[in-house]
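Reader: I am new to this structure and would love a guided look. Could you show it to me and take a few questions?

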Amino acid sequence: MATKLKELPAAAQEITSEKITELFMHYCLENNKKPESVYLFCKQNGMAEKDFYKHFSSIDAIEKSVFVSFHKLAVQLMDQSEDIALLGFRDKLLTYYYTYFEILTANRSYVILTLKEGKNRLNSLLKLKDFRTHFKAFISQVSEGYLKAKSERIRKAQQDALEEGAWIQFLVTLKFWLDDESIGFEKTDLFIEKSIRATFDLIDTTPLESVIDFGKFLIKETLR
């Protein structure tokens, strides 16, 4: 039978999603694994389960939300720049990549633990499912006006391919960063610059479907 939790000061009972995420990441780093249950996680942190469920449905839901929180922080930091509205699609994407991977680097121990656990890395990358939705919405927003096809049907098909291609490119870049052992991860910075430049050059001269096919092949070969 569960014992009654010790009463906490009023201020300490103010549980937010950010606080739960912080406690979750701390637990993972301290124990080299994620909490085994919501009950144990809440008990260890002096938190009532009902407060936990106001923000998350499960431990796995927190895990997926971490990468979404990184994304929201990156976009928030970008929006603080007055110049961002003046940039085109390519430069906005570059700025996003540099910002997001800087955030990943600040949390590298957690990211490595989360994405490199187990033998099947593709399964680990399923933890990015919620982030993928936010990322593709971001690509849709910053690429507005980039595609010039007059046919709405063709333009929609191209837009879908563009967003999927951007996601594949992100995963390839993430894989490069995970394996990068250069000082300050300077090779990742070079990879981001060169890969985005090459991708845009490719898109300008090659049907998007061919770019996507190549990306799928690349990710299959590098992430297995």
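Reader: Which side chain forms a polar contact of 2.9 Å with that of E163?

Author: This is a predicted model, where local features need pLDDT of at least 70, side-chain atom pairs count only at pLDDT 80 or more, and totals for chains, interfaces and linings use all residues. Residues are numbered from 1 along each chain as its sequence is written, and side-chain values use heavy atoms, without hydrogens and water. A polar contact is a pair of N or O atoms within 3.5 Å; within protein, one must be able to donate a hydrogen and the other to accept it, and residues adjacent in sequence count only if both atoms are side-chain atoms. The partner of E163 at 2.9 Å is Q159.

Reader: Is E163 buried or exposed?

Author: Buried means under 20% relative accessible area, exposed over 50%, and partly exposed in between (1.4 Å probe, protein chains only). E163 has a relative accessibility of 12%, so this residue counts as buried.

Reader: Where does S143 lie?

Author: Helices here are DSSP runs (H or I, at least four residues), numbered from the N terminus. E163 belongs to helix α9, residues 152–179. S143 sits ahead of that helix, in the loop between α8 (129–142) and α9.

Reader: How far apart in space are E163 and S143, C-alpha to C-alpha?

Author: In sequence, 20 residues separate the two. In space, the C-alpha distance between E163 and S143 is 9.0 Å.

Methods: Helices (H or I, at least four residues) and strands (E, at least two) are DSSP runs, numbered from the N terminus.
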